[in-house]
Protein chains: 2
Amino acid sequence: MSQVVQLNNTRKDFIFYIRQLHKLCEKDLSLINSLIIDKLDSDVPLVQEIASHLILSGGKRLRPLLTSCCFQMCKDNNNERKHIGLAAAVEFIHAATLLHDDVIDKSKNRRGSLSANEVWGNNTSVLVGDFLFSRAFQLMAKYGNISVLKILSDTSVVISEGEILEIQNDKDLTINEDIYFKVINGKTASLFGASCQVGAMCTKINQEKINALKSFGTNFGMSFQLIDDAIDYSSSTTMLGKNVGDDFREGKVTLPIILAYLRSNDYEKEFWKKTIRHLDQNKDDLSKAIEIVNKYKCIEDTIERAKHFANVAKDSLGIFNESEYKEILTNLVNTGLTRLN
Amino acid sequence: MSQVVQLNNTRKDFIFYIRQLHKLCEKDLSLINSLIIDKLDSDVPLVQEIASHLILSGGKRLRPLLTSCCFQMCKDNNNERKHIGLAAAVEFIHAATLLHDDVIDKSKNRRGSLSANEVWGNNTSVLVGDFLFSRAFQLMAKYGNISVLKILSDTSVVISEGEILEIQNDKDLTINEDIYFKVINGKTASLFGASCQVGAMCTKINQEKINALKSFGTNFGMSFQLIDDAIDYSSSTTMLGKNVGDDFREGKVTLPIILAYLRSNDYEKEFWKKTIRHLDQNKDDLSKAIEIVNKYKCIEDTIERAKHFANVAKDSLGIFNESEYKEILTNLVNTGLTRLN
């Protein structure tokens with residue numbers, strides 16, 4: 001075991017391992033970024049301006065990195081390098097969903113800058129999202145095959161269904177965990193899974209291992225989103241660009257709230273109805289919400305759920321030999337869990 | 001020449017030929033409609049409800065009919081019938097763009113009913129549009145091949161770029177015809193072209209004929225949209241579900257207005273600036289607009305432009321032998337021109 005593993009489970013390690021992953025996939029990442037810039041080109045200058053604003057604003061490139069890492073973990077010496085195009089396609093799908101999400105959530109900020117909808121308006125954001133989504137499928141046509149197309153179009157269906165399910169259950173304090181899991185599967189896990197899967201599919205690896213990497217990505221994504229949702233009720237003020245209280249202020253019903261509402265007494269239930277269902281909030285309500293969430297150990301239990309998915313993710317890597325790729329994927333999952341410390 | 005051709009160029013013939021096309025492709029249309037209904041299915045009931053509201057509300061199915069007609073025109077006895085799936089995909093792409101268009105244009109009505117955004121809100125319309133778009137690519141993965149995927153993803157890029165170009169030049173009275181043609185190519189012609197092309201690609205016909213049908217569809221689409229834009233300033237109150245004056249009330253700069261503005265005197269130019277650029281309109285302004293449009297023969301000249309594209313469309317069919325399919329496509333183009341009589 002290397003030095004790397006011993007660093008596990010301490011603060012800020014997630015960012016450390018993201019950087020390690022950047023280094024490990026440096027050559028691929030540079031090609032992916034060049035291809036992304038190339039494919040942002042459009043005869044319509046506004047398209048390029050908006051798409052660049054989002055895509056070149058310094059996202060972590062986590063999804064294309066997963067594609068690259070899984071490709072490299074599975075490759076032998078005779079593979080074409082089509083995964084570069086698919087990694088760009090995955091990032092374009094992600095960017096398209098962010099543009100549409102920000103319109104739907106009326107978000108004013110994204111990655112530390114003004115959101116595209118805030119700068120250029122909702123209409124343009126919807127259409128540039130459509131453009132990026134179409135570009136993703138153009139990339140698949142060029143670099144992929146029908147199997148890859150099937151995976152990524154299935155994933156896109158799951159993403160849009162998940163988002164619709166989310167707004168359909170908007171501010172509903174009584175949704176159950178199953179619906180919530182389906183929502184976060186659509187929002188995050190399905191594209192994490194597909195990113196890993198298509199990377200492996202560009203190699204000659206067997207179906208069992210492709211399935212294992214799909215499972216890895218999906219479960220890592222579930223765990224990742226659960227921690228994201230927990231961060232929103234953690235006590236630090238900012239964490240990885242996300243502001244504590246964003247979900248609360250929007251009245252989003254995430255797992256900490258689902259658990260807190262279930263465990264609340266009648267008086268507290270009224271508080272949740274007022275602040276979440278009716279979005280009637282004053283400046284002390286976020287602290288009060290965090291207090292109730294902590295009282296009933298809802299963050300701990302959200303982390304427990306995240307650990308469950310993290311364990312499934314790590315175990316799915318069991319069929320692979322040890323390698324620096326496997327090690328970094330494992331470390332990402334482990335440290336992803338401690339992002340809110 | 002049959003009876004059919006002699007009916008040419010009289011009123012309401014376009015609808016007559018659409019019905020003839022429905023009859024000629026009856027078996028395909030029934031399969032396409034079944035597949036559409038099947039693929040509207042979703043675990044998320046709201047998706048199905050909204051998608052059905054739009055797709056089952058009695059559109060003409062012109063695009064899938066073009067796919068079916070072109071397939072049948074080119075087929076021999078040994079073709080698989082994958083064009084059914086692609087025809088459904090084309091209709092799904094069309095429906096997705098309608099949902100997003102209605103959000104962007106803030107439309108209240110679509111096909112004689114309330115628009116989806118009016119009933120369920122903008123957010124749901126954006127996401128169900130994304131769902132339909134993803135479903136279209138799922139259908140392509142199942143029924144198509146990489147060549148077809150390339151055509152339809154290229155088309156989707158052109159559609160979104162065209163729409164962005166349109167809103168970017170919103171209310172700009174000085175845009176030139178080239179930009180306008182690019183906008184209507186995106187809005188209508190590109191998907192008409194692709195609908196024809198992918199139908200032919202499901203047969204073993206040669207590339208020259210595939211190109212010819214792509215050209216047919218594209219130019220038919222240009223002609224079709226030009227007449228649509230002319231209808232908006234025709235004197236009848238309603239025509240094919242479209243209300244006269246819709247474009248004017250939204251301040252859309254279509255060819256009749258581009259020509260009218262170019263030809264207007266200073267006094268009339270001020271009228272256009274007030275009503276279109278600043279959207280400051282009173283109840284007599286539509287009549288006044290129609291008066292200026294007629295004074296400068298802008299409808300006649302819009303029809304002349306439409307005839308040009310119609311002629312290119314018809315000539316592109318020259319390399320095909322006579323058949324009932326060819327005859328009906330020709331008649332559709334001819335009668336499409338007289339829809340505003």
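1. The contact between the two chains draws 36 residues from chain B and 36 residues from chain A. Here, residues are in contact if their C-beta atoms, placed from the backbone, lie within 7 Å. The model is predicted: local features need pLDDT of at least 70, side-chain atom pairs count only at pLDDT 80 or more, and totals for chains, interfaces and linings use all residues. Residues are numbered from 1 along each chain as its sequence is written, while chains are lettered from A and ligands numbered from 1 in the order in which they are written.

2. Which helices of chain B supply at least two residues each to the side that touches chain A? They are H4 (45–55), H6 (83–105), H8 (122–143) and H9 (146–168). H9(B) gives the most, with 14 residues. Helices (H or I, at least four residues) and strands (E, at least two) are DSSP runs, numbered from the N terminus. By class, this side of chain B has 18 nonpolar, 11 polar and 7 charged residues. Ala, Val, Leu, Ile, Met, Phe, Trp, Tyr, Cys and Pro count as nonpolar; Asp, Glu, Lys and Arg count as charged; the others, Gly among them, count as polar.

3. The copies meet through the same surface, because 100% of the interface residues of chain B are also interface residues in chain A.

4. A turn of 180° and a shift of 0.0 Å along the axis lay chain B on chain A with an RMSD of 0.0 Å. The two copies are thus related as by a two-fold rotation axis. In chain B, the C-alpha nearest the axis belongs to B:Ile146, 3.4 Å from it. The superposition is by least squares on the C-alpha atoms of residues with pLDDT of at least 70 in both copies.

5. Across the interface, the axes of H8(A) and H9(B) come within 8 Å and cross at roughly 160°. Axes are lines fitted to C-alpha atoms, for helices over the stretch in contact, and angles run from 0 to 180 degrees between N-to-C directions. H8(A) and H9(B) are therefore roughly antiparallel. Angles under 35 degrees count as roughly parallel, over 145 as roughly antiparallel, 65 to 115 as roughly perpendicular and the rest as oblique. The crossing of H8(A) past H9(B) is left-handed (the near helix is turned anticlockwise from the far one by less than a right angle; clockwise would be right-handed).

6. Which residues meet there? H8(A) brings residues including A:Leu127, A:Phe131 and A:Arg135, and H9(B) brings residues including B:Ile146, B:Ser153 and B:Glu161. The residues of this H8(A)–H9(B) contact divide into 10 nonpolar, 7 polar and 6 charged.

7. Within chain A, H4 (residues 45–55) and H8 (residues 122–143) pack at about 85°, with axes 10 Å apart. That makes H4(A) roughly perpendicular to H8(A). A:Leu46, A:Val47, A:Ile50 and A:Ala51 of H4(A) make the contact with A:Thr124, A:Val128, A:Phe131 and A:Leu132 of H8(A). These residues are 7 nonpolar, 1 polar and no charged.

8. Another pair in chain A is H10 (residues 177–201) and H11 (residues 207–231), whose axes come within 7 Å and cross at roughly 150°. H10(A) is thus roughly antiparallel to H11(A). Their crossing is right-handed. The contact of H10(A) with H11(A) has 13 nonpolar, 10 polar and 3 charged residues.

9. Overall, chain A has 17 helices and 4 strands. Its radius of gyration is 20 Å, close to the 20 Å that the globule rule gives for 341 residues, so chain A is as compact as a globular protein of that length. The radius is taken over C-alpha atoms, and the rule is 2.2 Å times the number of residues to the power 0.38.
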